[in-house]
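This report is for a reader meeting the structure for the first time. It covers salt bridges, enclosed and open spaces, and a patch on the surface.

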Amino acid sequence: MKKTEGRTAVRRAAAPLRTMQAGALLAGMIATPVAAADLPRLPVKAPTATPVASWTQFYVGAGAGFDFLAGRSTALLVGGGPGLTFDGLQGADLGLSAFVGADLQVSQKIVLGVFADYDWSRQRTTLSANWPLNAFSASGTMPSLDHGWTVGGRAGFLVAPDILLYGLAGYSEMKVNNWSMTIIPVGGPALVFLDQPAQTLRGYTVGAGAEYRLTSNVSLRGEYRYVALGSGTTVDPINNAVWTNDFSQHLVRIGAAYRFGQFGTVAPAATTTRMATPSWTGFYIGAGIGGDAIAPHLSGTAAGQVDFNGSGLGGADVGGTLMIGYDRQVAPQWVIGAFGLVDAATNGGVRFTATATGTGSISSDLAAVNWSWTAGGRVGYLVAPNTLVYALGGYSGVTLRAISYDLFGVTGTGPTPQYHGATFGGGFERYFTDTISARAEYRGTHLETLTNLTAPGWTNVSAGGTVHTLRAMLSWRMPAP
């Protein structure tokens with residue numbers, strides 16, 4: 001009995017203690033979130049758009065490229081008599097340009113602008129022929145651009161914050177050097193046979209291009225323009241002949257611009273995610289499109305009595321490229337690589353024809369690349385983690401398209417040997433994603449001279465030349481294993 005009463009007393013004494021412990025535990029559970037709520041919060045950074053400089057800027061720049069004059073030139077003697085007509089691509093040259101302009105970015109994707117530019121060239125295609133049996137020779141130059149200017153506007157779409165695709169239109173005035181030909185009798189003074197004065201033609205310009213901004217203040221561009229120059233008339237004072245020319249001009253240019261300051265507002269980027277720094281080490285494959293300008297030199301004897309020589313830009317084409325290569329980043333800003341590529345092209349069967357009333361005609365296809373290959377290497381400098389400026393060199397094999405001709409009744413098709421030569425050039429490449437990049441590139445290939453070629457109606461034929469190539473290409477870099 002006494003033991004039972006003792007246990008009851010102990011339980012009665014412990015009950016308040018347990019009650020106090022449960023209360024303390026409950027108070028602690030309640031107090032914990034309150035205390036946590038009173039702790040300072042860590043900052044949480046919300047995703048924001050990466051700011052990029054607005055395209056609202058003034059700029060100046062310079063460039064180089066190809067010019068091609070096409071159309072018809074007709075000469076008629078005053079008072080009647082024989083006439084002379086030239087049809088087709090009549091002259092080409094390598095030219096320089098300088099330009100100024102201003103752009104206004106009117107929305108996140110749209111850029112409008114105005115521009116003025118000046119084009120200049122001094123290169124002309126030359127032809128010469130020697131008639132030993134008749135004891136005279138002749139030399140001549142084909143039409144080409146002397147200089148000209150264009151004012152106009154452009155409208156572009158930003159496919160990326162620093163990549164602008166645009167169209168343009170404007171008004172142009174071009175001074176054109178026209179046909180000239182001199183006859184040189186053996187032992188006698190030179191006689192001017194044709195002397196068509198230079199003339200200034202005016203017309204409209206349309207075109208398209210792409211511009212890539214390397215930094216806020218430096219950009220690169222590639223551009224094509226078609227210039228409709230219309231018809232103009234000049235008088236040849238030597239032969240008392242009236243010349244009528246109906247010309248159009250094709251210009252292909254690459255250039256660089258310096259853009260002044262950052263005028264206007266800062267435009268937000270189209271995405272809030274930033275591309276990871278791409279790896280420049282690895283294999284890649286790619287494809288591209290562009291054009292070639294061919295500057296052949298040709299000599300030979302036609303019909304056993306005419307020694308012929310020609311040099312200068314004599315043809316052009318539209319071509320495509322397939323390539324494969326490997327790059328390795330050997331230092332933080334240096335990349336070296338090796339590549340192989342194949343080019344194929346066509347000029348659509350463009351021909352040049354000269355017709356003299358009562359005498360006959362001369363006609364020929366224009367020089368164009370059929371296909372070619374190049375193996376070489378490149379060395380590049382990273383101006384930004386995703387942008388490479390590079391120089392290249394290599395060895396090429398080039399097969400030109402077969403040339404069909406009719407020289408006063410001597411008809412045939414020329415040979416199609418493969419020429420070999422050294423290739424040099426350069427360009428820039430920029431990554432859009434971690435694995436896809438775009439590049440713009442120039443290559444110049446100096447072809448060897450092949451002798452003792454054969455062609456119907458010709459003997460002692462030799463030929464060589466230079467191929468100038470411009471390409472825009474996309475490549476895909478294979479993920480590292």
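Which residue forms a salt bridge with D119, and how far apart are the closest N and O atoms? The partner is R253, and the distance is 3.1 Å. The model is a predicted one.

## Salt bridges

R253 belongs to strand 13 and D119 to strand 4, so their salt bridge ties together parts that are 134 residues apart in sequence. Both R253 and D119 are buried. The whole structure contains 20 salt bridges.

Another of these pairs is D162 with R430, at 2.8 Å from N to O. D162 sits in the loop between strand 7 and strand 8, while R430 is in strand 25, so this pair links parts that are 268 residues apart in sequence. D162 counts as buried because its relative accessibility is 16%, under the 20% limit. R430 is buried too, with a relative accessible area of 10%.

## A network of charges

Strand 25 also holds E429, which pairs with R378 of strand 21, so parts 51 residues apart in sequence are tied together. The N to O distance in this salt bridge is 2.8 Å, and both E429 and R378 are buried. Through shared partners, salt bridges join E429 and R378 into one network with D292, D327, D343, R439, E441, R443, R471 and R477.

## Enclosed space

A search of the whole structure finds 4 cavities of 30 Å³ or more. The largest cavity has a volume of about 180 Å³. Its lining consists of 18 residues, and those nearest its centre are F99, D117, R221, E223 and R225.

Strand 13, which holds R253, gives the most to the lining of the largest cavity, with 5 residues. By class, this lining has 8 nonpolar, 3 polar and 7 charged residues.

## The second largest pocket

The second largest pocket holds about 1200 Å³ of space. It is lined by 49 residues, and E223, V252, G290, G291 and L470 are the closest to its centre. Strand 13 supplies the largest share of this lining as well, with 6 residues. The lining of the pocket divides into 28 nonpolar, 11 polar and 10 charged residues.

## A nonpolar surface patch

On the surface, F283, I285, I324, F432, I436, L474, W476 and M478 form a nonpolar patch with about 720 Å² of accessible area together. Strand 15 and strand 27 each supply at least two of the patch residues. F283 is in strand 15. Is F283 buried, partly exposed or exposed? F283 counts as partly exposed because its relative accessibility is 48%.

Conventions
Residues numbered from 1 in each chain as written. Predicted model: local features only at pLDDT ≥ 70, side-chain atom pairs only at ≥ 80, totals over all residues. Heavy atoms only, no water. 1 Å grid on protein atoms, 1.4 Å probe; cavity = no way out; pocket = protein on both sides within 12 Å on 5 of 7 lines; lining within 4 Å. Points joined across faces, edges and corners; volume = space filled by probe spheres on them. Helix = DSSP H or I, 4+ residues; strand = E, 2+ residues; numbered from the N terminus. Nonpolar A, V, L, I, M, F, W, Y, C, P; charged D, E, K, R; others polar. Patch = residues over 30% accessible without salt bridge, like charges linked within 9 Å, V, L, I, M, F, W, Y side chains within 5 Å. Areas by Shrake-Rupley, 256 points an atom, 1.4 Å probe, with all protein chains shown as cover. Salt bridge = Lys/Arg side-chain N within 4 Å of Asp/Glu carboxyl O. Buried < 20%, exposed > 50% of the residue type's maximum accessible area, 1.4 Å probe, protein only.
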